[in-house]
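Please open the structure in a viewer and keep the selection tool at hand. The stops below are meant to be followed in order.

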Amino acid sequence: MLNVGLTGNVASGKSTVSRHFARWGATLLDADALVRDAQLPGSPVLSAIAARFGAALLREDGTLDRSQLRNLMLADDRARADLNEIVHPAVQQRRAELLAAARTRGDLIVVNDIPLLFEVLDPTAFDLVVLVDAPEDLRRQRLTRLRSMNPDETDRLIRSQLPTEVKRERSHVILDNAADLPSLERAARSAWAGIRRTAAATATTPGARLLVIVAHGDDARILLPGTLQRYRDAGVHVTLWCATDDPRTDQSADVPGMRIDRRWGELEADDQEAMAAIANAVTMSRPTAVIGVAPDGSNGHPDHRVVAHWTATVLQSIADPPPVYQALPPTPRVLTDRSGIAAALDVRPWRSESAPVAPCGLTVDHEAVSAPWNGREWFTAPGVTGSLLTDLIPHPQAG
């Protein structure tokens with residue numbers, strides 16, 4: 001899991017970037033939302049705030065008057081320090097809990113949206129720090145125009161945060177937001193591509209090699225497009241082997257591929273030439289792991305049972321065979337009544353992307369496939385106890 005800190009001084013555009021990252025596949029932990037949750041009526045934090053600053057900060061319904069509290073904090077440095085001592089421990093504890101849950105789920109990228117990251121936390125606690133910045137004069141204009149703040153409020157709010165020059169020196173990625181929103185989105189998308197590559201590489205065994213064996217080009221397009229793109233971003237050598245050619249899709253040499261041009265629905269279990277071709281693919285690609293389609297994949301087409309048989313037969317003849325993972329069809333039934341583990345890879349960061357077209361007729365647009373599965377692609381690993389290139393996460397309902 002890549003733990004990213006996202007920050008930026010007031011009116012820099014940080015929240016806009018945060019929304020983009022969440023839309024593109026990150027797990028978002030929003031500090032402002034965590035603060036609001038910590039200050040709900042009846043909470044120990046709200047009680048401590050009322051005890052320290054007076055019950056006048058509470059509305060009739062028992063909720064916190066945030067506008068009044070903000071004005072008090074901007075006018076009194078000691079009060080602001082006291083508030084931080086009350087609020088931040090509770091927020092940090094909750095963030096730690098959410099981070100642990102994300103790691104257990106196998107979430108690939110967590111983005112922590114923290115306005116005061118440099119002021120109250122240690123930036124080295126994050127794998128990557130992204131700073132959204134804009135010139136101070138422009139930020140003043142935004143505060144006046146968009147938040148209707150007067151010049152005195154604006155000055156106090158800006159002075160309550162560290163200068164951006166200090167933050168720029170300690171950030172890994174800087175997004176300058178001095179233009180319009182489309183420009184900021186382009187800059188954010190470029191940064192996201194780098195974050196995604198870093199996360200994929202961090203979660204993957206260095207030097208890994210992946211062989212994908214399918215009956216039809218559609219198998220990969222439907223079942224594991226995000227997986228293939230994720231591992232390509234990680235620098236994994238991916239080879240596709242396809243028993244048939246799918247005439248409905250274009251072909252490309254973006255991914256090394258092999259096929260034997262058999263006809264759909266006519267695969268035979270004792271096809272020695274086909275099994276020799278798979279053996280050759282294993283020899284040539286030297287895979288760390290093999291992905292195939294489960295025998296009942298894609299509505300139980302008989303070709304999948306034949307190719308699964310070919311793959312098992314070939315690998316059984318190898319002295320030290322690589323582990324085999326079977327991609328599962330996108331239906332809830334894969335989580336029950338199945339031998340081996342049912343497990344998933346987080347491919348949300350590639351939901352809006354198209355994986356490369358492959359020589360066996362593979363094209364990808366898996367938005368509709370991944371969405372019902374919370375952005376995961378699913379596998380079983382009969383007889384295998386390890387993880388697919390280190391981070392295949394078992395599903396709690398499987399077994």
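Begin with W241, bearing in mind that the model is predicted. At 1% relative accessibility, W241 counts as buried, since buried means under 20%. Add W310 to the selection; W310 is likewise buried, with a relative accessible area of 0%.

Now display both rings. A search of the whole structure finds four aromatic pairs. In the pair of W241 and W310, the ring centres are 6.4 Å apart and the planes stand at 85 degrees, so the arrangement is edge-to-face. This pair connects distant parts of the chain: W241 belongs to strand 7 (residues 237-244) and W310 to helix 15 (residues 302-316), with their positions 69 residues apart in the numbering.

Next, select F21, W24 and W192, which ring pairs link into a cluster.

From W192, extend the selection to helix 10 (residues 181-202). At 1.5 Å a residue, the 22 residues of helix 10 should span 32 Å, and the end C-alpha atoms are 31 Å apart, which agrees. The buried residues of helix 10 are L184, A188, A191, W192, A193, I195, R196, A199 and A200. Against which elements do these buried residues pack? Their partners are strand 1 (2-7), strand 3 (109-113), strand 4 (128-133) and strand 5 (173-176), together with helix 1 (14-23) and helix 12 (225-233).

Turn to the sheet. In what order do its five strands lie? The order is 2-3-1-4-5, the sheet is open, and the pairing is parallel. Strand 2 (27-30) and strand 5 are the edge strands, each pairing on one side only. From one strand to the next, the twist averages 20 degrees.

Focus on the edge at strand 2, which pairs with strand 3 in the parallel sense over four bridges. Here L28 stands opposite V111 in strand 3. Helix 1 packs on the sheet and touches strand 1, strand 2, strand 3, strand 4 and strand 5; the direction of helix 1 makes about 155 degrees with that of strand 1. Helix 2 (residues 31-38) also packs on the sheet, touching strand 2 and strand 3, and its direction makes about 55 degrees with that of strand 2.

Finish at S18, which lies in helix 1. Is this residue buried or exposed? With 2% relative accessibility, S18 counts as buried. Residues up to four places away in sequence aside, S18 touches L6, L28 and D113. Display the side chains of S18 and D113 to see the polar contact of 3.0 Å that joins them.

Technical notes. Residues numbered from 1 in each chain as written. Predicted model: local features only at pLDDT ≥ 70, side-chain atom pairs only at ≥ 80, totals over all residues. Heavy atoms only, no water. Phe/Tyr/Trp six-rings, centres within 6.5 Å; stacked < 30°, edge-to-face > 60°. Helix = DSSP H or I, 4+ residues; strand = E, 2+ residues; numbered from the N terminus. Buried < 20%, exposed > 50% of the residue type's maximum accessible area, 1.4 Å probe, protein only. Expected span 1.5 Å × (residues − 1). Contact = heavy atoms within 4.5 Å. Polar contact = N/O pair within 3.5 Å; in protein donor to acceptor, adjacent residues only side chain to side chain. Pairing = 2+ DSSP bridges. Axes fitted to C-alpha atoms, helices over the stretch in contact; angles between N-to-C directions.
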